[in-house]
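Here is a short briefing to read with the model open beside you. Take it one topic at a time, and feel free to rotate the view as you go.

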Amino acid sequence: MSIRWRLTLWFSLILCGILVLSGVLLHVLLRSYLNNQVDNNLKVYSARIHGTLDPLEIPDTLDFEVIHSRLPPLNEFASPGTYIQLIDRGGNLVWKSDSLGEQELPVNLSLVEAGFAGRAAIETVSAGDQARVRIMVSPLRVNEQVLLLEVAQSLSHIAAAMEQASWALLASILLALALAAVSGAFIVRKTLSPVRQITRTARGIESSSDLGRRVGYTGPADEIGELATTFDRLIEHLDRAFQSQKYFVADASHELRGPLTVIRGNLDLLKRNISQADRRESLRAIEQEMHRMVKIVDDLLVLAEVDSGKSDMHPVNLMDIVEQEVKRAGAVAGGPQVRVGRLEDLVVSGDAHKLRQLLANLVDNAVRYTPASGAVTLSLYREKDLACLEVADTGIGIAAEHLPHIFERFYRADKARSRASGGTGLGLAIVRGIVLQHGGNVAVASEPGRGSTFTVRLKL
Ligand code: ADP
């Protein structure tokens, strides 16, 4: 069963329970109120009759004409359904009100006994044909004789009123339920419409493999709105990751195709009858391209490892790494001078092998793009709670339009120069990957013709 119908059903069931409960409560309260009204009426009548008759000086023989004349007028128009009756100890009718006509009030022995025992009592008595009357009895002393005064009211109008009320309640409960179910189903449908939209979009993406589809939710920013926008953001993210993966594979294939073409060409040459000098030249070219391919594949593996997020975090002494790197790069003959600038003893939590690789990539670039007459300076210093690792060179610099892209994979500002000097275009992408893995950041400042400064900031 769909959420829509489940919610509507639960909502209607709970509402039905509440309505039935309040209906029953209303019914009970109304019945008790009407019954109390009747009892109050009976008590008032009884008291009036006692008040009228008790002070009477009635002659020895009972003169009921006198009693009658003193009793409150009682007819069906003035007090509908109200009856008065007097009976003696023998149970004989002494007097009754006109409203009773030919009938008499039904006899109830326990009431009669209670009345003659001197107690006033009220009870509901059946009067045949499903009719019921409420009777109040009280002893009435007339001279030496004790009579029983019965004042009664028919309950048929209460029964009729209660029946009417029950039907009206039932009808209003059913109407309220029907309205609630219809409006509930409508509201739930409207509330869940973004969810259906998300499902449709997800199905569309699944069937067409088109990550360009979006839910495009424009409603209020409630929980469901948040779900829809989060879904869109997720697809956006996947789309971008997918696109960059596609470009990356294309770029990597393109990068590898270059050396492969050179190798294939030289192999074809070697199969022919060529001079020893050409043969040596071809073998040298094949070897060089092989090295390039190995470097590209190595860099791709490092990048994949960095992207996988796996790393061994330990305290790493950055000063040791800087000193080792200066020694390594300084040993390469024919390049610019590699020297140490400001150097502080700083320790960060990280992966020593990757941090060494990060620094080597930055220094290799600096050496690659700086003439032999220039200098590369490595510095390590503290800035608040950050360790700053700086590689500054006096090389060719980077033009402003290239700066935002140099950390992208296979991006080269100067393609020919990068390739010629053995660059793969992956060095800075690896640097950025390692820095992000360590929760730090990397910034670059450069001026064409004057040099560049790369600064890596890591949490101490
Ligand atoms: P590559 O292997 O080509 O050096 P990188 O990702 O390391 O690739 O660098 C990307 C591009 O950034 C390089 O091609 C180069 O144009 C530029 N670059 C990086 N470092 C420097 C630097 N120190 N001086 C000048 N240009 C640089």
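F410 belongs to the loop that runs between β10 (386–393) and α9 (415–420). This is a predicted model, and in it phi of F410 is near 65°, a positive value in a residue that is not glycine. F410 has a relative accessible area of 10%, under the 20% limit, so it counts as buried.

**A second loop residue with positive phi**

- S209 sits in the loop between α4 and α5.
- Phi of S209 is near 55°, again a positive value in a residue other than glycine.
- Is S209 buried or exposed? With 62% relative accessibility, over the 50% cut-off, S209 counts as exposed.

**Helices α4 and α5**

- Helix α4 covers residues 156–208, and I205 is one of its residues.
- I205 has a relative accessible area of 12%, which is under 20%, so this residue is classed as buried.
- I205 and I235 are 30 residues apart along the chain, and their C-alpha atoms are separated by 9.4 Å.
- Helix α5 spans residues 223–271 and includes N266.
- The relative accessible area of N266 is 11%, also under 20%, and therefore N266 is buried.
- Which residue does the side chain of N266 reach in a polar contact? The partner is the side chain of S282, at 3.1 Å.

**Polar contacts to the ligand**

- For your ligand view, start with N365: an N or O atom of its side chain is 2.7 Å from an oxygen atom of the ligand.
- R368 places a polar side-chain atom 2.9 Å from an oxygen atom of the ligand.
- For Y369, the distance between a side-chain N or O atom and an oxygen atom of the ligand is 3.0 Å.
- How much of the ligand does the protein cover? On its own the ligand has 530 Å² of accessible area, and the protein covers 98% of that.

**The pocket and its shell**

- The ligand takes up the space of the largest pocket.
- Three elements give two or more residues to the shell around the ligand: α8 (352–368), α10 (427–437) and β12 (451–459).
- Which element gives the most to this shell? That is α8, with three residues.
- There are 21 residues around the ligand, and those that come nearest are N365, D393, S418, G425 and L428.
- By residue type, the shell divides into nine nonpolar, eight polar and four charged residues.

**A residue in strand β12**

- R457 has its place in strand β12, one of the elements that give two or more residues to the ligand shell.
- The relative accessible area of R457 is 21%, which falls between the 20% and 50% limits, so R457 is partly exposed.
- From R457 to R328 there are 129 residues in sequence, while the C-alpha atoms of the two are 22 Å apart in space.

**To take away**

- For the ligand, keep in mind the side-chain contacts from N365, R368 and Y369, together with the 98% cover by the protein.
- For the loops, keep in mind the two positive phi values, at S209 and at F410; S209 is exposed, whereas F410 is buried.

Technical notes
Residues numbered from 1 in each chain as written. Predicted model: local features only at pLDDT ≥ 70, side-chain atom pairs only at ≥ 80, totals over all residues. Heavy atoms only, no water. Near = heavy atom within 4 Å. Polar contact = N/O pair within 3.5 Å; in protein donor to acceptor, adjacent residues only side chain to side chain. Areas by Shrake-Rupley, 256 points an atom, 1.4 Å probe, with all protein chains shown as cover. 1 Å grid on protein atoms, 1.4 Å probe; cavity = no way out; pocket = protein on both sides within 12 Å on 5 of 7 lines; lining within 4 Å. Sits in = over half its atoms within 2 Å of the grid points. Helix = DSSP H or I, 4+ residues; strand = E, 2+ residues; numbered from the N terminus. Nonpolar A, V, L, I, M, F, W, Y, C, P; charged D, E, K, R; others polar. Buried < 20%, exposed > 50% of the residue type's maximum accessible area, 1.4 Å probe, protein only.
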